[in-house]
Amino acid sequence: HTNGDVISLNLLSQQVLTKSQSFEDKLNVMYYAMCVLASSSKLPESIERGLKILSRLGIDLQGCESGSVEACVQETKDLLSGYSDDEILNTERMTDQTKIMAMKFLGKLEIGMTQIMPKSAPYVTQRIIQLSLSDGMSPVSPIGFVHFGSYIAKLGDISGGYKYVKLARSLLDKVSRENAGEVSCFGTQVIAYVEPLQAVLEYHDEGYAAAMASGDVVRAGLITQMKCSQSLFAGINLQALREKYAAAIKFMEERKLRILTLQTQYQQQSVLKLIGIDQEPKCVSEGHAIFATNKSVMRIYYYLKMYTSFIFRSYDRTKENAEKYLTCIGNSWANLFLAHAFQALFHTGLISFWVARKSKEQRWYQRGNQSKLSLRRWAESSRWTFENKWYLLEAEESFCNDDFDAAKSYYEKAILSAKDHKVKLKRTNAYAFTEFSSSRPRRFAFYSYLQFVHEEALAYELAAHFYLELGEVDKALEYFMLAHERYHEWGANGKCNSLFKFVEDFMKERAGQSSTIAPENVDSGPASKLPLH
């Protein structure tokens, strides 16, 4: 199981099943067989097997996909309202071995259903919490509470979600750290809506170590993918990130984590394009089959196509991929992920206002406005991470409304906010205590200097297009130059070359004659090479 050797595990499983004397004796090997199905891109089969086994154990979850996520979360919230945190933490341990095994199957169902049956996942969470309160806490109980916190946060209550994430962390110390990897994996996503994004990256290292210590390579792979993705959102230098993606894909390929490998290859392709390397990913053999059946994979693919088209200012491709992406998000994970803020709201919001200005279609304007309102709400929980994004959406909306004075003000606010929210940290082996880590110290080993340089670049560039539209050419060129400098600092040489060509073509057209300035590769110097005269 740990090595992803499906064939050997199936052979060994059959031997155990043949010699087992009772259904209870077979449960452990059935559990591992279910895990292998999930990690080998056979999620529907894994879920079906888990549901059948749970039914035989007296837990019927059939038909839960037709229920309401909101109603289920509210029912669970009402149940927990009768318990204090101390009462939950001091609940006795579960002793019934059959129920302990049932909890393990529920925990495995949780992660599978969140990917392809998101409306069903909260019902699994609810059952984990119900059994934990009625029959005692098991090593799976923290999984139920961290997912519940994630669902609450996804529905808009960030502080409430954060509370249950911290409770799940505390439960690990009470019952077992066996599932610390999964708790860290999903809890970190909620923390990123409260604590500075760049600092949150270190929680992934803690989760990865916990997952590997327990032999949970699937969770370790997911955490690795999430850290790569969040590093991109956090503005980590792309050249350093390129190495991280290569190492992540190698880890996943060696352990035959096919779904994660495919998703990470899609992300790697976007990073390479930003750097200036056009390289199609070497997809796993089952890539087409996975893409056709897994909405999570499909959503990531179309988001990345939409994002890269937007960054390189290809309007038609951006709109086309945005349409395809938006058809996928209705079936996205029920959990709150940081990617939700960037994919479904921030970048989609910017794209929506761009399309609204060009197409004059009201539905795009409305989508952009909804994104802006969500980012404004999240900026209340973390100004550090979301304030500059909210300001930039305000600027783009004002541009749409021809409120040029407001747009100018918000573009400046977005630039300053991205510039100001940076963290300067040195690598250290010292331990430190945080509110989130409760009584357990965490080892910090931060990057030396982190900031939203990529979003500062984007704000400068969008402001430049705004000024160009107003006919304020000198201001536009100044901001294009500053955008070029920030993209270069980020390591986005491919984007720098694209921006250089746009400005050069504009200057040629404006001058009505061929430019005498020879384009230079961005590696040879900063943005002062832009043709400003």
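# A guided tour, stop by stop

Start by selecting Arg313 and Trp354: Arg313 lies over the face of the Trp354 ring, 4.1 Å from the ring centre. The model on your screen is a predicted one, and every distance and angle on this tour is computed from it. For a second example, select Lys389 together with Phe452, where Lys389 sits over the face of the ring, at 4.2 Å from the ring centre.

**The whole chain**

Now zoom out and colour the protein by secondary structure, which will show you 24 helices and four strands. Of its 533 residues, 57% count as buried. If you take the contacts between residues at least 6 apart in sequence, 71% of them join residues that are at least 24 apart.

**Helices α8 and α9**

Select residues 141-154, which make up helix α8, and then residues 158-174, which make up helix α9. Two packed helices are described by the angle between their axes and the distance between the axes. Here the axes come within 7 Å and cross at roughly 170°. Since an angle over 145 degrees counts as roughly antiparallel, α8 and α9 are therefore roughly antiparallel to each other.

Which residues of α8 meet α9? On the α8 side, show the side chains of Pro142, Phe145, Val146, Phe148, Gly149, Ile152 and Ala153. On the α9 side, their partners are Ile158, Gly160, Gly161, Tyr164, Val165, Leu167, Ala168, Leu171 and Leu172. Sorted by class, this contact between α8 and α9 has 13 nonpolar residues, three polar ones and no charged ones.

**Aromatic pairs**

The next stop concerns aromatic rings, of which a search of the whole structure finds 23 pairs. A pair of aromatic rings is described by the distance of the centres and the angle of the planes.

Select Tyr31 and Phe105, whose ring centres are 5.7 Å apart and whose planes stand at 90°, so that the pair is edge-to-face. Because Tyr31 lies in helix α2 (residues 23-39) and Phe105 in helix α6 (residues 97-116), the pair ties together parts that are 74 residues apart in sequence. Are these two residues buried or exposed? Tyr31 is buried, with a relative accessible area of 13%, and Phe105 is buried as well, with a relative accessible area of 0%.

Move on to Trp378 and Phe386, where the ring centres are 5.8 Å apart and the planes meet at 45°, so this pair is tilted. Trp378 is buried at a relative accessible area of 3%, and Phe386 counts as buried at 0%.

**An aromatic cluster and His484**

Select Phe399, Phe404, Tyr411, Tyr460, Phe466, Tyr467 and Tyr479 together, because these residues form one aromatic cluster. Keep Tyr460 highlighted and add His484, which is found in helix α23 (residues 473-490). His484 and Tyr460 are 24 residues apart in sequence, while their C-alpha atoms are 8.8 Å apart in space. His484 counts as buried, at 2% relative accessibility.

**Along helix α12**

Go to helix α12, residues 217-234, and select Ala234. Ala234 is buried, with a relative accessible area of 0%. Leaving out residues up to four places away in sequence, Ala234 touches Leu197, Gln198, Leu201, Gln451, Phe452 and His454; you met Phe452 earlier, under Lys389. To compare distance along the chain with distance in space, add Val200, which is 34 residues from Ala234 along the chain, with 9.7 Å between the two C-alpha atoms.

Stay in α12 and select Gln225. Gln225 counts as buried, at 6% relative accessibility. Its contacts, apart from neighbours within four places in sequence, are Met252, Leu260, Gln263, Thr264 and Gln267.

**Two loop lysines**

What sign does the phi angle of Lys256 have? It is positive, near 55°, in a residue other than glycine. Lys256 is found in the loop between α13 (238-254) and α14 (258-275), and at 37% relative accessibility it counts as partly exposed.

Finish at Lys360, which has a positive phi of about 65° although it is not a glycine. Lys360 is found in the loop between α18 (338-359) and α19 (362-381), and Lys360 counts as exposed, at 68% relative accessibility.

Note on methods:
Residues numbered from 1 in each chain as written. Predicted model: local features only at pLDDT ≥ 70, side-chain atom pairs only at ≥ 80, totals over all residues. Heavy atoms only, no water. Axes fitted to C-alpha atoms, helices over the stretch in contact; angles between N-to-C directions. Parallel < 35°, antiparallel > 145°, perpendicular 65-115°, else oblique. Contact = heavy atoms within 4.5 Å. Nonpolar A, V, L, I, M, F, W, Y, C, P; charged D, E, K, R; others polar. Buried < 20%, exposed > 50% of the residue type's maximum accessible area, 1.4 Å probe, protein only. Phe/Tyr/Trp six-rings, centres within 6.5 Å; stacked < 30°, edge-to-face > 60°. Lys NZ or Arg CZ within 6 Å of the ring centre and 35° of its normal.
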